[in-house]
Amino acid sequence: MTRHVLDMLEPLTRGKGPDEWIWTSVDGDPMRKANSHGWFAQAVRRVQARDPGFPRITPHGLRHVAAGLLVSNGANVKVVQRQLGHASAAMTLDTYADLFDGALEDIVSTMDRALARPA
């Protein structure tokens with residue numbers, strides 16, 4: 001997690017032990033996996049009620065955004081694989097290959113600079 005996110009979460013962790021959940025269901029158990037009727041979808045609907053222009057988002061969509069941010073900021077495919085919990089870098093590349101297309105142009109420029117002879 002980024003320092004920015006950790007700083008936002010810090011107030012929510014005050015008074016909690018290291019093994020305690022930050023958010024829980026009503027009965028104190030961990031929150032269930034998000035679905036179309038669950039907590040995440042309800043939160044999105046509340047935001048959309050206040051701001052009709054707010055997009056429809058899903059946890060999976062946020063995951064894809066995270067992968068895109070990692071790739072666009074130059075993260076190594078192995079780093080992206082580990083962050084997303086994929087079994088292999090090949091799985092990451094198969095899933096997000098389109099995100100790496102811009103890297104082809106970047107590497108050409110990098111190689112041109114590396115191989116350029118001084119005038």
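**Close-up views of two pockets and a core**

**View 1. Helix H3 gives the largest share of the lining of the largest pocket, four residues.** The model shown here is predicted. Two helices, H2 (39-50) and H3 (59-72), each supply at least two lining residues of this pocket. The space inside the largest pocket comes to about 260 Å³.

**View 2. Eight names make up the wall of the largest pocket: Lys33, Ala34, Trp39, Phe40, Pro59, His60, Leu62 and Arg63.** Sorted by class, this lining holds five nonpolar residues, one polar residue and two charged residues.

**View 3. The second largest pocket has a volume of about 220 Å³.** Its lining residues are Met1, Thr2, Val5, Ala66, Leu69, Leu70 and Gln83. Here too, H3 provides the largest share, with three residues. Five lining residues of the second largest pocket are nonpolar and two are polar. No charged residue lines this second largest pocket.

**View 4. Nine residues form the largest nonpolar core.** They are Ala67, Val71, Ala75, Val77, Val80, Leu84, Ala89, Tyr96 and Phe100. Helices H3, H4 (77-84) and H5 (89-96) are the elements that give two or more residues to this core. H4 gives the most, three residues. In soluble globular proteins, nonpolar side chains tend to be buried together.

**View 5. Alanine 75 is one of the residues of the largest nonpolar core.** Which residues does alanine 75 touch, not counting residues up to four places away in sequence? The contacts are Leu70 and Val80. Val80 is itself listed in the largest nonpolar core. Leu70 appears in the lining of the second largest pocket.

Conventions: Residues are numbered from 1 along each chain as its sequence is written. This is a predicted model: local features need pLDDT of at least 70, side-chain atom pairs count only at pLDDT 80 or more; totals for chains, interfaces and linings use all residues. Side-chain values use heavy atoms; hydrogens and water are left out. On a 1 Å grid over the protein atoms alone, a cavity is a set of points where a 1.4 Å probe fits but cannot get out, and a pocket is an open set with protein on both sides within 12 Å along at least five of seven lines; lining residues have an atom within 4 Å of a point. Grid points are joined across faces, edges and corners, and a volume is the space filled by probe spheres set on the points. Ala, Val, Leu, Ile, Met, Phe, Trp, Tyr, Cys and Pro count as nonpolar, Asp, Glu, Lys and Arg as charged, and the others, Gly among them, as polar. A nonpolar core is a set of buried Ala, Val, Leu, Ile, Met, Phe, Trp, Tyr and Cys residues joined through side-chain atoms within 4.5 Å. Buried means under 20% relative accessible area, exposed over 50%, partly exposed in between (1.4 Å probe, protein chains only). Contact means heavy atoms within 4.5 Å.
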